[in-house]
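Good morning, colleagues. I should like to take a few minutes to introduce a structure that will be new to many of you. Please look at it first, and I shall then turn to its helices.

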Amino acid sequence: YLENEKVLVKERVKKNYRLDEIDSFLRKFRTRREVKLLREARKIGVCTPTIFEVDEKNGIIKMEFVDGILLKNYLEKEEKEKIEEVCVKVGRAIGKMHSFNLIHGDPTTSNMILKDGKIYFIDFGLGFFSNRIEDKAVDLRLLHDSINATHPKILEICWRNIIKGYKAEFKNAKEVLDRFEEIKKRVRYAKR
């Protein structure tokens, strides 16, 4: 990689409470899976950091430092039109991932960076591949809940535009959104 390039080093630290063999296996497996997800997302047109170097054995990923603004911070201070525009892009990107059965696993506004008008997705540590409607709906539910927790005043604007982008990108969006509504009802029922 380039000398002047800012690099982010993600390291999965050894957990002393786990047996060495299990810890080693998990760190290697999770590092390999995250790299695969980052690369696959990039391949299908979702912006992710470029990966420069991987040390699976030690659980280390050296990647591009995306020098932008966390979506969480951007949404807090931007005007309505810009928020709508950015949320459509978020929805399109998630729709694109779901079209290829890629589940982010932690799609919060803290795991998205806005740089040069593009949304970069980071931290695929909880991600996986799945063709299940339920997994895609849960991914959306996590995003909805995270926006509700951090930006409750603009939830409706954000969500409406995320769904607009999602539907434009993912042909099975209706099935996933129907399941998303079912999941919301389950949660409401469980709280009573």
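The axes of helix α4, residues 133-150, and helix α5, residues 155-169, come within 10 Å and cross at roughly 155°. An angle over 145 degrees counts as roughly antiparallel, so α4 is roughly antiparallel to α5. The crossing of these two helices is right-handed. I should state at once that this is a predicted model.

Which residues of α4 and α5 meet? From α4 they are Lys136, Leu140, Leu143, His144, Ile147 and Asn148, and from α5 they are Leu155, Cys158, Trp159, Ile162 and Tyr166. By type, this contact comprises eight nonpolar residues, two polar ones and one charged one.

Let us stay with α4 for a moment. Its 18 residues should span 26 Å at 1.5 Å a residue, and the C-alpha atoms at its ends are indeed 26 Å apart, so the two values agree. The buried residues of α4 include Leu140, Leu143, His144 and Ile147, each of which also takes part in the contact with α5. Charged side chains are found among the buried residues too, including Glu134, Asp135 and Arg141.

I turn now to helix α1, residues 20-43. This helix has 24 residues and reaches 34 Å from its first C-alpha to its last, close to the expected 34 Å. Where do the buried residues of α1 pack? They lie against strands β1, β2, β3, β5, β7 and β8. Among these buried residues are Leu26, Val35, Leu37, Leu38 and Ala41. After α1 comes Gly45, with a positive phi near 100°.

Thank you for your attention.

Notes:
Residues are numbered from 1 along each chain as its sequence is written. This is a predicted model: local features need pLDDT of at least 70, side-chain atom pairs count only at pLDDT 80 or more; totals for chains, interfaces and linings use all residues. Side-chain values use heavy atoms; hydrogens and water are left out. Helices (H or I, at least four residues) and strands (E, at least two) are DSSP runs, numbered from the N terminus. The expected span of a helix is 1.5 Å times one less than its number of residues. Buried means under 20% relative accessible area, exposed over 50%, partly exposed in between (1.4 Å probe, protein chains only). Axes are lines fitted to C-alpha atoms, for helices over the stretch in contact, and angles run from 0 to 180 degrees between N-to-C directions. Angles under 35 degrees count as roughly parallel, over 145 as roughly antiparallel, 65 to 115 as roughly perpendicular and the rest as oblique. A crossing is left-handed if the near helix is turned anticlockwise from the far one by less than a right angle, and right-handed if clockwise. Contact means heavy atoms within 4.5 Å.
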